[in-house]
Number of protein chains: 2
Amino acid sequence: MDMEQVNAMDFGDFVDVFGNVIERCPLVAAAVWSQRPFADPGDLEARFCAFLDALPQEGQEGILRCHPDLAGRELQRGTLTAESQREQRAAGLQGLAAAERDHLAMLNAQYRARFGFPFVLAARLRDPASVARELERRLHCPPAQELRTALGEVKTIGRLRLADLLGTEPARL
Amino acid sequence: MDMEQVNAMDFGDFVDVFGNVIERCPLVAAAVWSQRPFADPGDLEARFCAFLDALPQEGQEGILRCHPDLAGRELQRGTLTAESQREQRAAGLQGLAAAERDHLAMLNAQYRARFGFPFVLAARLRDPASVARELERRLHCPPAQELRTALGEVKTIGRLRLADLLGTEPARL
């Protein structure tokens, strides 16, 4: 898909295509459409990121709360979005032994209780051991720092999804 | 449901219950959860409205773009959210003759082309004739005024949905 095609989309088509660049938040794509035309894929990425950065703190926390747990119930039940399913599969989270799954579930619950949002990580760049290590590490970070880190992961996930949709290499990973 | 129950919800339960108070924007409920505890239903309503008011203009336009057309293809196909389905049915939009449906479709298309978002109206307070009249009237409003009017309708829809969920009378209609 080239930028000419993207810039020619009405908002309905745009949200159909880019509505899950930010997990379960089609509002973000629907807002970014206001900024068209986009110069290039990097410009489109930057508009998604700028919208996230401009949200008040509760809005950024809201974005995080629309994400599923990694290796959580939704993966088991098959109710993830197609993008999340693919990413969690790529990280090898679908084939975990029960003990590993329980360990991650315990860490996820501790993380949610501490920060008030789920642990978000660009999973497809990881394997199960590094997901668990990163969760254990971030569990002890100060809340303000952790919000910034988590939002950075949302952006990385978004860049990878945009690159998939546009058939480009993701910028600035 | 009383406020004690609402205030005891974790963010997952809260988004499950209130995620469609703002049509297809669970992000808003997920953000509002940060503001708990809520004093009373009016306080909860006010938090939803305050979040919408604090969004940049493109975010408010994004909220509107997540709404379906009234009497549009989604009503025909049965792909509306349960809340929208009920509201459009209450306005008598399901039983329209083909000519009335085509007339509304033409007006909706004109409105989308002029403003860059769909015509949003708290439909359950209307009947088909008043929906068409209101669409014809608002089609000629200045864009900045129309954005404010449309956002007011989003809030009215949200208040009615909250009142349904909480079993209360909606405030400030």
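Biologist: Where in chain A does Arg24(A) sit?

Modeller: Arg24(A) is in the loop between helix 2 (11-18) and helix 3 of chain A. Bear in mind that this is a predicted model.

Biologist: What makes the phi of Arg24(A) worth a remark?

Modeller: The sign. Phi of Arg24(A) is near 55 degrees, a positive value, and the residue is something other than glycine. Over in chain B, Arg24(B) has a positive phi of about 55 degrees and is not a glycine either. Arg24(B) is found in the loop between helix 2 (11-18) and helix 3 of chain B.

Biologist: Why is Arg24(A) called partly exposed?

Modeller: Buried would need under 20% relative accessible area and exposed would need over 50%. Arg24(A) comes out at 26%, so it counts as partly exposed. For Arg24(B) the figure is 25%, and partly exposed is the verdict there too.

Biologist: On to the peptide bonds. What makes the bond between Arg36(A) and Pro37(A) a cis one?

Modeller: Look at omega: it is about 0 degrees for the bond that joins Arg36(A) and Pro37(A). Pro37(A) belongs to the loop between helix 3 (26-32) and helix 4 (41-54) of chain A. In chain B, a cis peptide bond joins Arg36(B) and Pro37(B), again with omega about 0 degrees. Pro37(B) lies in the loop between helix 3 (26-32) and helix 4 (41-54) of chain B.

Biologist: How do you know which relation links chain A and chain B?

Modeller: Lay chain B on chain A: that takes a turn of 180 degrees and a shift of 0.0 Å along the axis, with an RMSD of 0.0 Å. That is the relation of a two-fold axis. If you want to find the axis from chain B, go to Cys25(B), whose C-alpha comes closest of the residues of that chain, at 3.3 Å.

Biologist: And how do you know which surfaces the copies meet through?

Modeller: Of the interface residues of chain B, 100% are also interface residues in chain A, so the copies meet through the same surface. The contact takes 25 residues from chain B and 25 residues from chain A.

Biologist: What makes up the area buried between chain B and chain A?

Modeller: About 2000 Å² is buried, and carbon and sulfur atoms give 72% of that. Helix 3 and helix 5 (57-65) of chain B each supply at least two residues of the side of chain B that touches chain A. Helix 5 of chain B gives the most to that side, with six residues.

Biologist: How many salt bridges and polar contacts are there between chain B and chain A?

Modeller: Zero salt bridges across the interface by the rule, and eight residue pairs in polar contact, counting pairs with both residues at pLDDT 80 or more.

Biologist: Back inside one chain. Why is His67(B) called buried?

Modeller: The cut-off is under 20% relative accessible area, and His67(B) has 10%, so it counts as buried. The place of His67(B) is in the loop between helix 5 and helix 6 (73-77) of chain B.

Biologist: What is His67(B) in contact with, leaving aside neighbours within four places in sequence?

Modeller: Glu23(B), Pro118(B), Val120(B) and Val154(B).

Biologist: What makes the pair of Ile63(B) and His67(B) a polar contact?

Modeller: A pair of N or O atoms has to be within 3.5 Å, with one able to donate a hydrogen and the other to accept it. The backbone oxygen of Ile63(B) lies 2.9 Å from a polar atom of the His67(B) side chain, so the distance passes.

Biologist: Now helix 9. Is Glu134(B) buried or exposed, and how do you know?

Modeller: Glu134(B) is buried: its relative accessible area is 13%, against a cut-off of under 20%. Glu134(B) sits in helix 9 (residues 128-138) of chain B. A polar contact of 2.8 Å joins the side chains of Glu134(B) and Arg137(B). Not counting residues up to four places away in sequence, Glu134(B) touches Phe119(B), Leu121(B) and Arg126(B).

Biologist: Which residues of helix 9 of chain A are buried, and what do they pack against?

Modeller: They are Ser130(A), Val131(A), Ala132(A), Glu134(A), Leu135(A) and Arg138(A). They pack against helix 8 (98-115) and helix 10 (143-166) of chain A. Take Ser130(A): at 10% relative accessibility, it counts as buried.

Note on methods
Residues numbered from 1 in each chain as written. Chains lettered and ligands numbered in written order. Predicted model: local features only at pLDDT ≥ 70, side-chain atom pairs only at ≥ 80, totals over all residues. Heavy atoms only, no water. Least-squares fit on C-alpha atoms with pLDDT ≥ 70 in both. Contact = heavy atoms within 4.5 Å. Buried < 20%, exposed > 50% of the residue type's maximum accessible area, 1.4 Å probe, protein only. Helix = DSSP H or I, 4+ residues; strand = E, 2+ residues; numbered from the N terminus. Buried area = accessible area lost by both parts, 1.4 Å probe. Salt bridge = Lys/Arg side-chain N within 4 Å of Asp/Glu carboxyl O.
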